[in-house]
Structure formats: C-alpha cells, structure tokens
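Biologist: I'm new to this structure and would like to begin with one part. Please pick a helix, take me through it closely, and then show me what else there is around the model.

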Amino acid sequence: MEKPFILHMLTTAKNLSPFDVNMALDAGWVSALPYTNVEASEVQGLVQDAIFSRSTKNLKRTGIFIGGRDTKQAMDMLKLAKRSMVPPFEVSVFADPSGAFTTAAGMVAAVEHELITKFNTTLAGKNILALGGTGPVGQAAAVISAQAGANVRIIGRQLEKAQLIADMCSNEFGDGKITIAAGADADKAEYIKTADVVFATGAAGIELLSAALIASAPQLKVAADVNAVPPAGIAGVDAFHNGTPIDGSSSGAVGIGALAIGNIKYQAQNRLLKKMISSEKPVYLHFEHAFEVARDYIKSNI
Amino acid sequence: MEKRSILHMLDPMPNNSPFDINMAMDAGFDVLMPYSNVKLDSVNRLTQDAIFSRSPAGVKRTGIFIGGRDLGLAIDMLDASKQAMVPPFEVSVFADPSGAFTTAAALVACVEKELKSKHGKELKDCNALVFGGTGPVGIATGIIASLAGADTALVDHLSIEAASDVAKDYNRRFGCSLKGACASSDADKIQLVANADIVFCVAKAGVQVLSSAVLKEAKQLKVAGDVNAVPPMGIEGIKRNDLGAPLIHALSSQGAVGVGALAVGNVKYQLQHEMLKLMLQTNKPLYLDFREAFIKARNLL
C-alpha cells in the first residue's frame, strides 16, 4: 500500500501561516503537520526523526517545509536540514519564509517578462532600486535579480541598516558572487534618475515612490509593487496592473501590481510543493528554484 | 459512513516528534492532531473532550498518543488518561515518549535473542550496562532489562549521583533493581566493561562511546547493542545493519556479537507500527507502554 504524503512544516514563529498550509494540501500533501517556535538547534533532531521513521521508498512521500519570517534564519535552517540528512535517508526541504521567496520570484519573473516583451531587453546590466528593500521580499528579490545580472541597490530609511542587509544578501544568499549596494530613502530622488526597474516591497499602505519621482525617472522601464492595500506603494500602479503603462512616466514605464505578482507567486509555490512530491531525488528548494519555476510558468503561459 | 480515524497526539514538549507523526500516518490513522506543551493536569480534560464527542462506535476510531521526552511524565499521563475514561466512552492510549519505549523494547528483545542463540544465555544470567542510561531510551532499556532479570546499571557520562537517583526513582516506580554508574573517561569505561555480559549503547547520536581500546578490555562481553544510526557509531566496529555479527574489537571476549542501529530500528519500526495498528483494530480499549512493547517485541522475534 502506498503511504500518505506527509509534509512536516517548521516555523520559527508562534503559528504556521494558513496560506502555506492551504498551499501544501492543495499541492497534494495529504497531511500537513505544524512544528512551531522551532529553533535552529532543534532542526537536526526534527529532521532525523522524520527521516528514520520511513523506508527510503516512503521518504519520497515525506517532506519538510521551512516557514517563519526571517530569511537568514530560514536559509540557515535549510542548510542545517540538508546537513542533517543521512543518505539514503533523506527528504526534500523547501524554505519559503513568509512566502517571501516565491513572492520575490514572482515579482522578478514578471518584471523580466515585461523587460523582454515591452523593451526587448533582459535583467542583465539593469539598475534596480529595491525600495523598502530591507524586508524578506526585498532581500530575496535583490538577490534573485543580482544573480540574473542586474545592479541592485537596496533602499531603506536607515542607510546603515540597508548596508548591513545588502552585505548579508551578497555574502550569505549570493555566496559572495554578487554585490548588492545600499542607499538611503532620503537619496532616492538621485537614484531614480538612473533606475531601469523599481521594486516596492515596503510595508503595506506606505507610498514609496511618488508621481513626481516617476515623472523624474528618464530611463524607468518597469515598476513592480507587492502591496495590495491602498495607498499603492508606487503612485499610479494599482493591484490589478499587469504590464500597464504608468500615467505620468516620460520613459513609457509599465507597472506590475500585487495581484499579477501574487498569481505567479501562487504558481511558483504550488510547483515547488509539487516538485518535492514528484522529484526522484531529494531537492533543497529556496529563492533560486522559486525563480526558475516562476520563469517556467510565465514561459508556458505566453 | 464510517467516521475517519483520529489520533490525538499529546506532547509535553513544544512540538510533536516527526517520527511519531510518520508512524501514526503509516499505521492508518486518517487524521493526526498535535497538542503541544500539554501539562499533566490537562490530560483529564483533553481525554474527556475526546471521548464525549463521539459515539461509542466512533470512539473506536479515536486514539490518544502520548509523546515527549520524559519517561516518568509519559507514564503519569498514560495513567491520568486511563483514569479519565468513562466506559463505554473509552479510547486506546499509547505512550511512547521519543519512541523510547518501542526502541528500548526492540533493543532488549534483539539482544536477548542473540544472547540465546549465540551464547545459550538468558537475561537473568547476565550483567548489563546501559551507556546513555539516564536518557529516555536508556531508562526504558534499563527497566526492561532489569525486570527481565539482568543485573543492570544505568551509566551516566557525568555523574554517578544523577545515575543513582534515576535508578532509585524508577526502581520505586516499577519494582526493578537498577544501579547507577558513571563513566566519564576511557579508564572508567574499561573498568565497567571488563565484567559486563551485555552492553547497551543508547547515548547521543553521532558520539562514539566505546572505542576499540575500551572494547578489547572486555573479558566476558556476549552481546552489544547500539541504537545510534548517525556515524560514528556508538560502539566502534558495529555496523548499522549488524544483527549478531562478530564484535571485531572485543578481542578478549569469545564469540561477542553486535546488534546495530538499523537492525534494532527495523524491529522498533515494526513494533510501533503494530502497536498503532492495534489501537485501530482492537475492540477493547488498550493502554500501551513499554511492558506491552517488550512482550510484542519478543513475539515479533
């Protein structure tokens, strides 16, 4: 008899996100079990309990999801989980803290699609500003686009904090192979003059880019906003925009709103959760893989 | 329509063990519900909430599992749950904190089998040492071995007082005759191992407890069992799949054999699986702990 699919869902937070639970069950996991307030030191014990209680055949029907709110914690836990495997006793692990990895992947893939179709270019060499970029989505989006060849600057209210986070993104998530810059929110009027792409990933309800700044951006091509709650993070980009020209942009920039990003995010998360089930070999999934499947989804839907 | 089977998984720890979750799903429970940070005084209420929300027919499709890391607490919770039943509103309860009861039962049963087949001895003829003896698996191993008649010592790696306190505590509870011992250096280990017939190694995973240098000083070792599956093994020279393979480093002990973690794990796995399935099959509610686990482990072998 085939054993049921079990997803062990670890979070550093007090509760799982119901979003992730719904997504997991809809992707085909039969049972999704919560492990809350999990600390890094507990990961090895939990992983080894999970791998030593099923035959290697049924471990293919077992997975671990890592949620939480903090990207660094989640990536550290993913690495710890991978190191705790004792082949052939090994299961797939997928980290997506706050859904940030799949959200960022959805946003960057949508932006890339607009660059290709509307501007006949790619992410390579583009100047990107990640406004409100110190949070989980901003960090992951910065790393993904830098890995695709863009020059990324994380903008925060405090330059010092933005610099720390930019360095962490370059060194920890990018293995030192990328260099992400930092900038202060107060200086964004200067940075916008050379920006090709803007990500708005700040807290909901805060306008990060005004109409005046959009008008003063001579080479802006795409502006993406993950905020679905009015006021929009980017003036003139609403949640329904999907490659829609932004009013008042002198450079013909287009906007991508939260619902368009959310749709790709949903597809990416669904595909990764399914990949854990269908993969012959254990897979360790994070923002890079989220970007791959987000790109695949967009390609298959043109 | 037949109601779905539900296992309420009570755990005093902040989280359930993924091991128990996998096992319960694989034994056929349809729905698993974790209850974490459960205190002993909540067990009565949780049990009664579980029994009074289903008809007696539905109650048969309902079970309670008690996990955690503390063996004494798990037994107390099992007793509290049993006392909370109001027949015919009654469900089966299975305590297996950290899998300790089934692991210990499987380990002792495997070692007992090798003892009989390779050396013609019974547990009651033997001295046994339990390294890592103050952890849950160690204590359960010690109790089972002691109740089966082996002269058993729980060995702690830091303190003889800790080991002796644990031994006394569980002797009082279960009527066994455990002793405490301490081995913090190879010299201590050599002294202890010299006269042991049986060695159980249930210390932390990935830590070598008995090296070849210690093993070669054992004069009458017959069977050594190791539950550590993460390299390096707890006992040097034992392989994970060994089941009665010669213990190559025990040079002074004639015919000594080893039992490895996967051999024990295989029996433990079958045992826990059978016990969980039994909860779904039984017509009369069952209360299962390490004693039933050992009886069933012997039957499996």
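**A close look at helix α6 of chain A**

Modeller: Let's go with helix α6 of chain A, which covers residues 136–147, so to speak a run of 12 residues. From its first C-alpha to its last, α6(A) reaches 17 Å, close to the 16 Å expected at 1.5 Å a residue. Keep in mind that this is a predicted model.

Now for its surroundings: α6(A) is mostly covered, with 11 of its 12 residues buried. Read along the helix, the buried ones start with A:P136, A:V137, A:G138 and A:Q139. Then come A:A140, A:A141, A:A142 and A:V143, followed by A:I144, A:S145 and A:A146. Past the helix you meet A:G149, whose phi is positive, near 105°.

For another helix to set beside it, try α4 of chain A, residues 71–83. This one has 13 residues and reaches 18 Å from first C-alpha to last, close to the 18 Å expected. Its buried residues are A:T71, A:A74, A:M77, A:L78 and A:A81. Looking down the axis of α4(A), you'd find those buried residues within an arc of 125°, so they line one face of the helix. Here's the background: an α-helix has 3.6 residues a turn, so residues three or four places apart point the same way.

Stepping back, chain A has 11 helices and 12 strands in its secondary structure. Its radius of gyration is 19 Å, close to the 19 Å that the globule rule gives for 302 residues, so chain A is as compact as a globular protein of that length. Along the principal axes, its C-alpha atoms fill a box of roughly 65 × 40 × 30 Å. Buried residues make up 55% of the chain's 302 residues. Take the contacts in chain A between residues at least 6 apart in sequence, and 71% of them join residues at least 24 apart.

Chain A also has an open sheet of five strands, in the order β2-β1-β3-β4-β12, with parallel pairing. At its edges sit β2 (31–35) and β12 (284–285), each pairing on one side only. Inside that order, β1 (residues 6–10) and β3 (residues 62–66) pair in the parallel sense over five bridges. A:L10, for example, has A:I66 in β3(A) as its bridge partner. Across β1, β2 and β3 of chain A lies a helix from chain B: α1 (residues 18–26), running at about 155° to β1(A).

That brings us to chain B, which has 11 helices and 12 strands. Its C-alpha trace spans about 65 × 35 × 30 Å along its principal axes, and 55% of its 301 residues are buried.

In chain B, seven strands form an open sheet of mixed pairing, in the order β7-β6-β5-β8-β9-β11-β10. The edge strands there are β7 (179–182) and β10 (243–246). On average, neighbouring strands of this sheet are turned by 25° against each other, direction ignored. β10(B) pairs with β11 (residues 257–259) in the antiparallel sense over three bridges, and B:P246 stands opposite B:V257 in β11(B). Towards the other edge, helix α7 (residues 160–174) of chain B lies across β6 (151–156) and β7, running at about 165° to β7(B).

How values were computed: Residues numbered from 1 in each chain as written. Chains lettered and ligands numbered in written order. Predicted model: local features only at pLDDT ≥ 70, side-chain atom pairs only at ≥ 80, totals over all residues. Helix = DSSP H or I, 4+ residues; strand = E, 2+ residues; numbered from the N terminus. Expected span 1.5 Å × (residues − 1). Buried ≥ 20, exposed ≤ 12 C-beta atoms within 10 Å, placed from the backbone. Arc of directions from axis to C-beta. Pairing = 2+ DSSP bridges. Axes fitted to C-alpha atoms, helices over the stretch in contact; angles between N-to-C directions. Contact = placed C-beta atoms within 7 Å. Rg over C-alpha atoms; globule rule 2.2 N^0.38 Å.
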